[in-house]
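Trainee: I'm new to this one and would like a close look at a single part of it. Could you take one buried charged residue, and then walk me outward from there?

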Amino acid sequence: MATSGDSDQIYQNFVDRDNSGELDNNETRPIRKNNGERVMSLATRKRLEAKTKQDGHTSSNNSPRLSPEEARSRENDNQTLWKKSAKIKPTGTVPSGKQEPRYLELHEITPLFNPKQDLNKVLSQLQSDDWETNFDALSTVRRLAVHHASMIDAVKVHAIVSEIMKQVPNLRSSVSKNALLALESMCAAFTRAMDSEVENIVPVLLRRCADSNTFVCESAAASLHAVVLKCSTSRVVSALTSHISSKAAPIRREVARGIHALIEGQADIQANKDLSAILQLVGRCLQDSNNEVRDIAKQSILHLHYKQRIPSERIKRCLPASAQTKVDSALSGKVVYSPQVLPKSSSFTISELPSSAAINKRETTAARKTKKFTKQPSSRASPPTSSTGTRSKMNSDELHRLESRLDSSNWKDRFDALSETTDFICGCASALVESGQMLNLFDLLIKRLDDGNAKVNVLALECMERIVPAIGSGMEQVLPNFVPAITKNLANARTSSLAQSVVQKLCTHADNRSLCQQFAIQARSANSRVIPALLDTLTQLTAQSLDDKSNYVLTRHVLPLALYLLKEAKSGVKEANSRLLRQLRKTLGSTAVLSAAFKLSSAQQDKLAAVLR
């Protein structure tokens with residue numbers, strides 16, 4: 001049985017044990033203050049109070065009655081213990097100096113009280129092994145760059161940027177993001193003084209832009225955009241050129257985005273001495289094997305032609321012959337111009353930059369020219385729109401509501417949302433395509449084409465019969481995901497007729513070359529019941545390509561497919577393939593077909609000769 005003296009000893013043991021940080025798994029480990037004291041969690045404090053109360057109750061029932069003098073002495077001892085434990089605060093009251101690191105908002109980037117002292121300490125803080133010290137130092141760099149840039153000479157700029165770049169690959173994502181924000185602020189403040197750092201900055205930012213961590217990727221994109229706009233064009237072009245042939249498609253995609261941002265950031269690019277080098281980069285992106293890279297390059301061509309007023313002949317003069325045909329394709333009206341959604345800056349706005357007067361003046365002049373131009377009639381065609389010509393404004397709130405309903409777990413909500421979404425798209429097709437939000441919406445619509453509920457699946461196909469004509473040539477953006485979904489419905493007896501109707505709408509309103517490529521890809525791996533329908537569709541598209549002088553897609557994708565399928569033994573596939581081969585001979589000529597077949601075995605060449613006889 002515990003005595004009163006034992007209870008004091010038990011209580012002291014609890015205090016000592018908790019001060020040593022030995023807490024339960026569900027409690028917060030004590031935080032050490034600057035003076036060496038520890039902070040006790042609220043759960044531990046309550047547990048100690050309960051234990052003390054229980055021990056006191058036991059002692060009062062089993063120990064002999066104390067004299068008044070002994071009771072007063074015991075009370076004084078307990079008060080002394082509680083005064084010691086009172087210094088141990090619950091974790092709910094974390095000291096202000098140890099708050100969770102937080103990024104500075106625009107209004108929080110305020111001038112420093114002693115900038116000279118902070119500047120002298122910032123390099124040693126950036127080199128510290130403590131990540132919290134690094135984080136705080138990066139925030140200090142942002143405040144120095146925005147409000148005290150005049151105090152930082154070129155030598156210190158180089159030293160600070162070098163330390164920032166060491167923190168960008170940091171495995172702790174919060175430090176990495178703050179480093180990217182600091183770099184963005186440095187580019188905004190020192191502009192051309194950062195030119196010597198571009199060759200080292202761009203490779204690191206490209207790798208971070210291609211990172212799978214969206215949290216860091218967005219900040220890296222904003223930082224790269226700041227480098228592209230603020231540093232010398234020649235330095236930026238040189239840095240991007242060295243990565244245009246990277247084996248990693250995400251890096252090539254970011255290079256293409258950087259080039260596009262550079263083009264859009266130029267008020268009068270025709271007067272730029274680096275125009276030829278920029279066009280050569282765009283040409284290489286046009287020939288890239290990755291769809292995203294090519295699509296971005298097409299947008300660059302459209303911006304140069306329609307916004308910068310550069311004639312197509314001048315653009316093609318700087319490109320190789322293989323890329324010139326792609327320029328004609330981009331300007332044919334089948335590719336929709338959609339202005340790039342630039343990454344949102346987290347640390348500055350163009351009008352707030354401390355050393356960007358010349359840039360402001362240039363952009364103001366460009367805006368004035370654009371406004372003046374819009375008032376005057378022009379003989380040039382405007383950027384292409386959807387086949388319906390619909391140009392109503394898009395309601396973003398309504399779009400988000402529909403996206404939420406399309407992804408609902410209730411099939412009735414999805415069913416009703418399909419009709420509403422179709423009306424929405426038909427009412428603002430062109431605005432939707434140009435907004436850059438069409439991909440997200442179509443991702444949800446494509447899911448409904450494979451919906452587990454048959455009613456939703458059928459209605460989705462019916463809606464596509466209206467949506468495809470409304471979007472028109474804008475469908476090129478979603479074909480890589482859309483065509484496989486339609487092909488899967490062709491194999492289903494319940495939905496095959498509706499799917500075939502959607503395919504016909506595509507053939508009428510979408511770009512033939514893009515469709516040929518996608519259908520040829522699907523025909524190589526599709527169900528044998530679907531292959532004849534796909535081959536007949538390719539035959540139709542091949543017949544519609546008679547006016548295409550290059551016929552690159554036919555020779556690159558469709559003809560090799562037809563020769564590959566000569567080995568098929570099923571009658572339905574053989575008959576459909578024979579029709580396709582005869583149409584290819586009519587479109588490409590016998591010489592092109594026979595020259596592509598010289599690697600075939602003798603048996604297959606005999607089959608080809610019998611088909612073309």
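Mentor: Arg 253 is a good place to begin: in this predicted model its relative accessible area is 16%, and because the cut-off for buried is under 20%, Arg 253 counts as buried. What does Arg 253 form a salt bridge with? Its partner is Glu 254, and the closest N and O atoms of the two are 3.1 Å apart. Glu 254 is buried as well, at 4% relative accessibility. In general, side chains of opposite charge can pair when their charged atoms come close.

Now look at the helix around this pair. Helix H11 runs over 249-264, and it is one of the helices that the buried residues of H8 pack against. The others named there are H6, helix H7 (173-190), helix H9 (214-230) and helix H10 (233-241). So what about H8 itself? Nine of its twelve residues are buried, so H8 is largely enclosed by the rest of the structure. Among those buried residues are Val 198, Ile 201, Leu 205 and Leu 206, and also a charged one, Arg 208. H8 covers residues 198-209 and reaches 16 Å from its first C-alpha to its last, close to the 16 Å expected at 1.5 Å a residue.

One of the helices packed against H8 deserves a quick stop. Ser 162 sits in helix H6, which spans residues 154-167. Ser 162 is partly exposed, with a relative accessible area of 26%. Though Ser 162 and Asn 200 are 38 residues apart in sequence, their C-alpha atoms are 8.9 Å apart in space.

You may wonder about the cysteines in this part. How many disulfides does the count come to? Zero. Take Cys 187: its closest cysteine sulfur belongs to Cys 231 and is 4.9 Å away, too far for a bond. Cys 187 is buried, at 0% relative accessibility. Cys 217 is in no disulfide either, since its nearest cysteine sulfur, in Cys 209, is 5.6 Å away. Cys 217 is buried too, with a relative accessible area of 18%. Cys 209, for its part, is one of the buried residues of H8.

Back to charges, then. The salt-bridge count for the structure comes to 19. One of these joins Glu 476 to Lys 298, at 3.0 Å from N to O. Glu 476 lies in the loop between helix H21 (454-471) and H22, while Lys 298 is in helix H13 (residues 291-307), so the pair ties together parts that are 178 residues apart in sequence. Both Glu 476 and Lys 298 are buried. Another salt bridge links Arg 513 and Asp 511, whose closest N and O atoms are 3.8 Å apart. Asp 511 has a relative accessible area of 6%, which makes it buried. Elsewhere, Glu 398, Arg 401, Arg 405, Asp 413 and Glu 420 are linked in a network of salt bridges.

Arginines turn up over aromatic rings, too. Arg 172 lies over the face of Trp 131, at 4.0 Å from the ring centre. Arg 524 does likewise with Tyr 564, at 5.0 Å from the ring centre.

What about rings meeting rings? The structure holds three aromatic pairs. One of them joins Tyr 103 and Phe 135: the rings are tilted, with 45° between the planes and 5.5 Å from centre to centre. Tyr 103 is in the loop between helix H3 (68-86) and helix H4 (115-126), and Phe 135 is in helix H5 (residues 131-147), so this pair ties together parts that are 32 residues apart in sequence. Tyr 103 and Phe 135 are both buried. Phe 442 and Phe 482 make an edge-to-face pair, 6.4 Å centre to centre with 70° between the planes. This pair links distant parts of the chain, with Phe 442 in helix H20 (residues 438-448) and Phe 482 in helix H22 (residues 479-490), 40 residues apart. Phe 442 and Phe 482 are both buried.

Last, step back to the whole protein. It has 29 helices and zero strands. Of its 613 residues, 46% are buried. Among contacts between residues at least 6 apart in sequence, 74% join residues at least 24 apart.

Methods:
Residues are numbered from 1 along each chain as its sequence is written. This is a predicted model: local features need pLDDT of at least 70, side-chain atom pairs count only at pLDDT 80 or more; totals for chains, interfaces and linings use all residues. Side-chain values use heavy atoms; hydrogens and water are left out. Helices (H or I, at least four residues) and strands (E, at least two) are DSSP runs, numbered from the N terminus. Buried means under 20% relative accessible area, exposed over 50%, partly exposed in between (1.4 Å probe, protein chains only). A disulfide is a pair of cysteine sulfur atoms within 2.5 Å. The expected span of a helix is 1.5 Å times one less than its number of residues. Contact means heavy atoms within 4.5 Å. Rings of Phe, Tyr and Trp (its six-membered ring) pair if their centres lie within 6.5 Å; planes under 30 degrees apart count as stacked, over 60 as edge-to-face and the rest as tilted. A charge sits over a ring if NZ of Lys or CZ of Arg is within 6 Å of the ring centre and within 35 degrees of the ring normal. A salt bridge is a side-chain nitrogen of Lys or Arg within 4 Å of a carboxyl oxygen of Asp or Glu.
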